[in-house]
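Here is a report that goes through one protein model step by step, to be read with the sequence and the structure side by side.

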Amino acid sequence: MFPKTVARRNRQLLDMAQDKPCLLIVPDVCCGDTATTVAAHSNWSEHGKGGARKADDQYTVWACATCHSWLDFSGASAEEKRAVWDKAHAAQVDVWTAMAAHGNKAARWAIDQLNGG
């Protein structure tokens, strides 16, 4: 049996999503309402997702309520969801990189985690 990995969590990183623009931007779904934006976790096991365990926090993207619901509950294909996720996460990493360059510690944490830190 393999030991469980320790979940990598950063509350400040998740809290940064509040009032930010949606980065999932699902066509014909996105409401663009920044008041509903949260940090939506990846649904893929390689990001730490498993059973009731959420993916690690560095595998989140800012998502409005309708896009987050689409990601978690829609009947869209796994391939479509993954393509939208990958594009959004690349945009999220760009945003975190810029924020880290201006001293944001939570964004720096995310970038460091993604780089194997």
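In this predicted model, the N-terminal end of α4 is capped by N104, one of whose side-chain oxygens lies 3.1 Å from the backbone nitrogen of A106. The helix that begins there, α4, covers residues 105–114, and just after α4 comes G116, which takes a positive phi of about 90°.

Which residues of α4 are buried? They are A106, A107, W109, A110, I111 and Q113, and what covers these buried residues includes the helices α1 and α3. R108 and D112 of the same helix, by contrast, are partly exposed, R108 with a relative accessible area of 35% and D112 with 34%. Their side chains meet in a salt bridge, with a distance of 3.2 Å from N to O, and because R108 and D112 are four residues apart in α4, about one helical turn separates them.

**Salt bridges**

The structure holds five salt bridges, and the table lists three of them, including the one in α4 that has just been described.

| Salt bridge | N to O distance | Relative accessible area of each residue |
|---|---|---|
| R9 and D57 | 3.1 Å | R9 38%, D57 1% |
| R82 and D86 | 2.9 Å | R82 23%, D86 38% |
| R108 and D112 | 3.2 Å | R108 35%, D112 34% |

The pair R82 and D86 lies within helix α3, where the two residues are four places apart and therefore separated by about one helical turn. Both ends of this bridge are partly exposed, as is shown by the relative accessible area of 23% for R82 and of 38% for D86.

The bridge between R9 and D57 links distant parts of the chain, since R9 belongs to the segment before α1 (11–15) and D57 to the loop between β1 and β2, 48 residues apart. Are the two partners of this bridge buried or partly exposed? R9 is partly exposed, with a relative accessible area of 38%, whereas D57 has a relative accessible area of 1% and is therefore buried, the limit for that word being under 20%.

**The loop around S42**

The loop between β1 (38–41) and β2 (60–63) also holds S42. With a relative accessible area of 1%, S42 is buried, and its side chain takes part in polar contacts. A polar contact of 2.6 Å joins the side chains of S42 and H47, while the backbone nitrogen of W44 lies 3.0 Å from a polar atom of the S42 side chain. If residues up to four places away in sequence are not counted, S42 touches H47, K49, A55, Y59 and W85.

**Nonpolar cores**

W85, which is in contact with S42, is also one of the residues with the most contacts inside the largest nonpolar core, a group of 16 residues in which L24, V26, V61, C67 and L71 are likewise among the most connected. The elements β2, α2 (65–73) and α3 (78–101) each supply at least two residues of this core. Apart from this core lies another one, of nine residues, among them A107, W109, A110 and I111, and these four residues are also among the buried residues of α4. In soluble globular proteins, nonpolar side chains tend to be buried together.

What does L24 touch, leaving aside its neighbours within four places in sequence? L24 is in contact with V61, W62, A63, C67, H68, L71, V84, W85 and A88.

**The protein as a whole**

The secondary structure comes to four helices and two strands, which follow the pattern α-β-β-α-α-α when they are read along the sequence. The radius of gyration is 14 Å, close to the 13 Å that the globule rule gives for 117 residues, so the protein is as compact as a globular protein of that length. Along its principal axes, the C-alpha trace spans about 40 × 35 × 20 Å.

Of the 117 residues, 38% count as buried, and the accessible surface comes to about 6800 Å², of which 56% belongs to carbon and sulfur atoms. Among the contacts between residues at least 6 apart in sequence, 69% join residues that are at least 24 apart.

Key. Residues are numbered from 1 along each chain as its sequence is written. This is a predicted model: local features need pLDDT of at least 70, side-chain atom pairs count only at pLDDT 80 or more; totals for chains, interfaces and linings use all residues. Side-chain values use heavy atoms; hydrogens and water are left out. Buried means under 20% relative accessible area, exposed over 50%, partly exposed in between (1.4 Å probe, protein chains only). A polar contact is a pair of N or O atoms within 3.5 Å; within protein, one must be able to donate a hydrogen and the other to accept it, and residues adjacent in sequence count only if both atoms are side-chain atoms. Contact means heavy atoms within 4.5 Å. A nonpolar core is a set of buried Ala, Val, Leu, Ile, Met, Phe, Trp, Tyr and Cys residues joined through side-chain atoms within 4.5 Å. The radius of gyration is taken over C-alpha atoms; the globule rule is 2.2 Å times the number of residues to the power 0.38. Accessible areas come from the Shrake-Rupley method with a 1.4 Å probe; for residues, only the protein chains shown count as cover. A salt bridge is a side-chain nitrogen of Lys or Arg within 4 Å of a carboxyl oxygen of Asp or Glu.
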